[in-house]
Amino acid sequence: MSDEAPRPPGITDLFDRLAVEEARALAGGGTVRVDKQHATGKLTARERIDLLVDPGSFLEMDKLVTHHTTDFGMSENKVRGDGVVTGHARVHDRPLFVFAQDFTVFGGSLSAAYAGKICKIMDLAMKVGAPVIGLNDSGGARIQDGVAALAGYADIFLRNTLASGVVPQLSAIMGPCAGGAVYSPAITDFIFMVESTSHMFITGPDVIRTVTHEEVSKEELGGARTHATRSGVAHRAFPDERACLSGLRELLAFLPQNNREDPPRRITRDPVDRADLELDAMVPAEPSRPYDMKHLLLRIVDDGHLFEIQPEYAPNIVVGFAHLGGQSVGIVANQPMHLAGCLDIGASVKAARFVRFCDCFNIPLVTFVDVPGFLPGTAQELGGIIKHGAKLLYAFAEATVPKLTVITRKAYGGAYDVMASKHIRADLNLAFPTAEVAVMGPEAAVNIVFRDELSRASDPVAARARYLAEYREKFASPYVAAELGFVDEIIRPRDTRARLCAALALLRNKREVNPPKKHGNIPL
């Protein structure tokens, strides 16, 4: 016996037509193309969405849309959905909008109708105040659509730009993404890639071979490893699609729905006042001896968990999301294990972008400082370290979210100012007893300040040791900075977690505004 209610006469045919049309849409490019997609290790658009969102929460929109092109035999070659699946769903029981490009339909190529589907959900996301996730797998603009396809890309780019800083925008590259298509992900907040099966580039290997005579493979040019380690375009690279989609879900747990909301709080059993005696011995007293900043961070944040962003790019600085007392925070930390923690071009740009994202979406910033300065060398100077280093300075100075800073050891020269110092509106600045805050490192300073004395000394080694001790005591000691009010308190490392959690609770309702202006002119 059927559970359906009896239908009035004439209605059955209409319902049957709807069932047929929906089945056509769900079929995508057909079983042959779906099998080919699976054979390359890739999932289909709908399979990806099912893995990304909460079970049963996806509601598709524009399922029956087709392209408008009538030339080149396209009028007889229409597929419901037109190569992109769009709609809204829930992740962690919070709403979001998603589009997934379907490579089984015309190679996922973009038409004007296809672009209209994406624009529609982006417009809705702005109205609702919910994140947008794009799952990219496309051969590029549909040639048969001509300039209308290019117009479609520009329509999407405009919405990416207007939505920037209003709702989180996340991109996952699940297959090819080439030519003008790369600029939509590039404007979004984070780009995740899949190893071996995803690629991004403006011009492919064939064009490069023709124009510049360079030989390069698709993987070397635009693969996930290339963009995660060398170009910095990708924020994370994952071994397969399932891991990538799981990473998107994890990232969303740290983010608010939009720029008017605070990040979601989580319940943690990790005590906010937990002291960790091992932290007292983690930072070496010797300024030149390296240690792993990540080990320190993991002992301070909730449950020892840090979701790192760009972990393999510019490893001399660590950025990522964590929780402190259940509060979502953005972590920025120099890494003494790489380049002694110096700031260089890559590190400055990486951290600046992250700081600005956190400020956009009301995520407090916690900065751990162990920086001997900016990396010297002609490559850095000619590469524009002045301009790129200024980006990080600008980002920290402009940020109005709660800003907490912990100086663990070295804080020298201009890098001290840049790394969320008190002078650029950090709310709480703490220092370990091992901290050294100075214009430059003691070795270099002694060579300048005591040059004449050292040249006349009967025992230069003993004299140097004496002057080094004097410089550290009079100029580099954290107690000098504390006397001037530049450090609010010198703490035992074991108490770092408790002090940071208490400060975050105090600053929960912080309000700070920048001068009225259309926008600043960050040194790009």
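# Cavities, rings and two single residues

In this predicted model, β3 (94-101), α5 (147-163) and β6 (176-178) each supply at least two residues of the lining of the largest cavity. That cavity has a volume of about 80 Å³, and the structure holds four cavities of 30 Å³ or more. The residues that line the largest cavity are F99, Q101, L110, I118, N136, S138, Y153, I156, P176, C177, A181 and S184. When these lining residues are sorted by class, eight are nonpolar and four are polar, while no charged residue is found in the lining of the largest cavity.

From this cavity we can turn to a pocket. The second largest pocket encloses about 280 Å³ of space, and its lining is made by T161, S164, G165, A186, I187, D189, R353, R356, F357 and C360. Two helices, α6 (183-187) and α12 (345-360), each supply at least two residues of this lining, and of the elements that contribute to the second largest pocket, α12 gives the most, with four residues. Here the classes divide into four nonpolar, three polar and three charged residues, so that a reader who follows the lining of the second largest pocket will meet charged residues such as D189, R353 and R356.

One residue of this pocket lining, F357, leads on to the aromatic rings of the structure. A search of the whole structure finds 13 aromatic pairs. One of them joins F357 and F361, whose ring centres are 5.0 Å apart and whose planes meet at 45 degrees, which makes the pair tilted. A pair of aromatic rings is described by the distance of the centres and the angle of the planes. Are the two partners buried or exposed? F357 counts as buried because its relative accessibility is 6%, under the cut-off of 20%, and F361 also counts as buried, because its relative accessibility is 0%.

The same two residues belong to a wider group, for F190, F192, F238, F254, F307, F321, F354, F357 and F361 form one aromatic cluster. A member of this cluster, F307, also has a charged neighbour: the charged end of R236 sits over the ring of F307, 4.8 Å from its centre. A further arrangement of this kind involves R466 and Y467, where the charged end of R466 sits over the ring of Y467, 5.0 Å from the ring centre.

Two single residues complete the tour, and the first of them is P523, which lies in the segment after α20 (496-506). Which residues does P523 touch, when those up to four places away in sequence are not counted? The contacts of P523 are with K387, A390, K391 and Y394. P523 and I386 are 137 residues apart in sequence, yet their C-alpha atoms are 9.6 Å apart in space. P523 is described as partly exposed because its relative accessible area is 25%, a value that falls between the cut-offs of 20% and 50%.

The second residue, V449, is found in helix α16 (residues 442-449). V449 counts as exposed because its relative accessibility is 51%, and the cut-off for an exposed residue is over 50%. V449 and V371 are 78 residues apart in sequence, and the distance between them in space is 22 Å, taken from C-alpha to C-alpha.

Key. Residues numbered from 1 in each chain as written. Predicted model: local features only at pLDDT ≥ 70, side-chain atom pairs only at ≥ 80, totals over all residues. Heavy atoms only, no water. Buried < 20%, exposed > 50% of the residue type's maximum accessible area, 1.4 Å probe, protein only. Contact = heavy atoms within 4.5 Å. Phe/Tyr/Trp six-rings, centres within 6.5 Å; stacked < 30°, edge-to-face > 60°. Lys NZ or Arg CZ within 6 Å of the ring centre and 35° of its normal. 1 Å grid on protein atoms, 1.4 Å probe; cavity = no way out; pocket = protein on both sides within 12 Å on 5 of 7 lines; lining within 4 Å. Points joined across faces, edges and corners; volume = space filled by probe spheres on them.
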